[in-house]
Structures are given as structure tokens and as C-alpha cells.
Amino acid sequence: AAKQTGEPVRRWTPALDERAGEFVRLGAEIRTALDLGQFRVVYQPIVELPAGRVAAVEALVRWEHPVRGLVSPAAFIPVAERNGLIVELGEWILRTACHRLAAWRSDLGPAAPDRISVNVSARQLARPHFAATVAAALADSGLPASCLAVEVTETAVFEGGQAVVALHELRALGVRIALDDFGTGHSSLGLLQTVPVDILKVDKSFVDNVTEAGRPTVIADALYQVSAGLGLVAVAEGVETAEQAEALHRLGYRYLQGYHFGRPVAEPDFTPATVVVLA
Ligand code: C2E
Ligand code: CA
Ligand code: CA
Ligand code: CA
């Protein structure tokens with residue numbers, strides 16, 4: 001028999017089979033979780049320098065599973081995207097978020113954040129009537145369109161098509177468009193020529209080492225310059241230390257988000273008050 005060389009051929013193993021089973025099981029549980037109301041929306045502040053005012057919040061979904069405990073969106077969002085339940089889940093998140101900011105606006109007046117940012121998956125954006133769904137959520141909550149931003153990833157829009165049509169429709173409504181995880185996709189800068197965008201969310205990977213001279217800092221600097229040159233708002237994501245905040249501030253960044261300022265929290269724990277920002 002010929003001697004085997006190179007990588008072993010991947011076979012359909014019980015382990016892979018189990019993963020497929022797990023996928024189906026998790027998918028079915030998402031359906032149940034929607035019916036039982038096991039999802040929550042939490043809110044993370046986006047602060048404005050230098051004062052540290054909470055200028056905006058990002059809405060992030062959580063699943064309080066009765067057995068598994070808190071399930072990370074990184075585990076269930078991809079499943080919901082593949083089995084299509086993201087459409088229903090996403091609309092629920094959108095409506096919850098719009099109502100939340102509308103309530104803060106009536107409770108807090110000018111102390112309320114200016115805007116709420118909601119993550120939207122490729123699958124939602126590609127649906128023919130996505131902008132109408134957003135318009136309905138705004139109308140139901142009474143939230144002005146200018147108080148809403150949708151966060152989309154580069155991969156959701158780089159193929160153009162209906163997703164980009166939807167972004168133009170959202171823009172026409174007055175909704176802001178944020179490009180999430182900016183700088184990590186295949187054609188980050190190219191997209192800025194073709195896709196309507198208001199906000200660049202500069203990925204955490206560029207923030208992590210921004211206190212040292214080196215590539216991430218050069219890139220964080222360049223991305224800020226691009227955003228400023230195009231008249232866009234840059235938000236730096238994943239800021240964990242005062243030193244990172246200082247370094248980003250020196251590069252020109254005015255909007256920062258990360259554990260240094262506040263973790264995502266449920267509504268009763270959220271305080272829109274100014275936070276201490278710089279060291
Ligand atoms: P994302 O949109 O890039 O969200 C930022 C993630 O980074 C959140 O994780 C947030 O909790 C986390 N984060 C914020 N600040 C820091 C920091 O300083 N350090 C570190 N290490 N992490 C930080 P989360 O909530 O687990 O969400 C993970 C991803 O799941 C999100 O990444 C987004 O892609 C997706 N996701 C979350 N909520 C939703 C949603 O409502 N709809 C959709 N379609 N996707 C969502
Ligand atoms: Ca996001
Ligand atoms: Ca992000
Ligand atoms: Ca991300």
C-alpha cells in the first residue's frame with residue numbers, strides 16, 4: 001500500500017456529526033427561547049472625549065438560557081443567521097432598543113444618550129423590506145430616525161446588491177450607518193467609495209497595542225485620518241485602559257467604547273452619567 005503523506009483526509013466523523021446535531025439543537029432552542037422570552041438586550045456606553053459624556057449606546061443581545069446560563073452571542077448569532085431566525089430575533093432587538101432610547105429620552109431629557117446603535121446581520125439587511133421594518137420600529141417607539149444607528153459589517157455589504165440598496169433607504173430615513181469591526185475586512189477602504197457610511201467603528205485589534213509605537217498605532221492613526229478626511233465619525237472599540245484612551249485621544253479620536261468606560265449592562269444598571277475618561 002502507498003505510504004500516506006501530508007495531511008490526513010478529513011472524514012465525516014462522529015465528532016462532526018455531533019457538531020451538526022448541536023447546530024440543529026441550538027437552532028431549535030433559539031426558536032423556543034424567542035417564544036419564552038429568554039433574550040435580553042444590554043447596553044454599552046460610547047463616550048465622547050474630553051468630558052466623558054455618554055453620547056451613544058450600543059445594544060447587544062444576551063441569551064439567558066435556563067440550563068446553559070448566559071450564552072454568548074458569538075455562539076448563537078451565527079446559528080440564528082444560518083437558520084433564518086436572526087430575522088425575527090433581530091427585529092425584536094431593534095424594537096427593544098428603539099423603545100429603550102425613547103424611554104430614556106422621556107425620563108432623562110437632555111441627559112439621555114443622543115443615539116442607540118443596533119447590530120444588524122447580513123441576512124436581515126438583504127431582506128427586501130428591511131428599511132420598512134426599521135421605519136415601523138421607529139414609528140412604534142416614537143424614536144426619531146436620527147437617534148438610531150445600524151451597525152453592519154464589511155462582509156454584509158461588500159457584495160453590493162440589496163444590502164447596499166437597504167443602506168441607501170435607511171440613510172434616506174435619517175438613520176445613521178456604522179461600519180463595524182472596521183479595518184478587518186477584505187476591502188475596508190474600497191467600501192468607503194461605494195457604501196453610504198456615517199460612522200467607522202475601528203476594530204479592537206488596532207486599539208489593543210495603541211500605547212506602543214508600531215503597526216497597530218500606525219493603522220489606528222491612518223484610520224482616524226481617513227474618517228476625518230471623509231467627514232465621518234470614528235469610534236474606537238474595545239478600549240480597556242486609561243492609557244489606550246489617552247493614546248487614542250492624542251490621535252484625534254473623540255468617541256471611545258470599551259470596558260474601561262463600562263461593560264454592557266441591563267437597563268436598570270445603566271447610568272447615562274458622565275464617566276471619568278482620561279487618566
Ligand atoms: P461587536 O458588534 O463587535 O460587539 C462588540 C463586542 O465586544 C461585544 O461582545 C462587547 O461586549 C465586546 N466588548 C466591548 N468592549 C470590550 C472591551 O473593552 N474588551 C473586550 N474584550 N470586549 C469588549 P458581545 O456582546 O459578546 O458580542 C459579540 C458579537 O456578537 C458582536 O460583536 C456582534 O458581532 C454580535 N452581536 C451581539 N449582539 C448582537 C445583536 O443584537 N445582533 C447581531 N446581529 N449581532 C450581535
Ligand atoms: Ca457592533
Ligand atoms: Ca465591533
Ligand atoms: Ca466583532
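## Surroundings of ligand 1

A polar side-chain atom of Asp180 and an oxygen atom of ligand 1 are 3.0 Å apart, a polar contact (a pair of N or O atoms within 3.5 Å). Of the 800 Å² of accessible area that ligand 1 has on its own, the protein covers 78% (Shrake-Rupley method, 1.4 Å probe).

This is a predicted model, in which local features need pLDDT of at least 70 and side-chain atom pairs count only at pLDDT 80 or more, while totals for chains, interfaces and linings use all residues. Residues are numbered from 1 along each chain as its sequence is written, chains are lettered from A and ligands numbered from 1 in the order in which they are written, and side-chain values use heavy atoms, with hydrogens and water left out.

The polar contacts of ligand 1 include these:

| Side chain | Partner | Distance |
|---|---|---|
| Glu58 | oxygen atom of ligand 1 | 3.4 Å |
| Arg62 | oxygen atom of ligand 1 | 2.8 Å |
| Asp180 | oxygen atom of ligand 1 | 3.0 Å |

The shell around ligand 1 holds 20 residues, of which Arg62, Asn119, Asp180, Glu240 and Tyr259 are the closest (a residue counts if one of its heavy atoms lies within 4 Å). Eight of the shell residues are nonpolar, five polar and seven charged. At least two residues each come from β2 (53–65), α2 (73–83) and β6 (176–182); β2 gives the most, four. Helices (H or I, at least four residues) and strands (E, at least two) are DSSP runs, numbered from the N terminus.

The predictor reports an ipTM of 0.98 and a pTM of 0.92 for the complex. Mean pLDDT of the protein chain is 91, with 91% of its residues at 70 or more; pLDDT is the predictor's confidence in each residue, from 0 to 100.

Conventions. Polar contact = N/O pair within 3.5 Å; in protein donor to acceptor, adjacent residues only side chain to side chain. Nonpolar A, V, L, I, M, F, W, Y, C, P; charged D, E, K, R; others polar.
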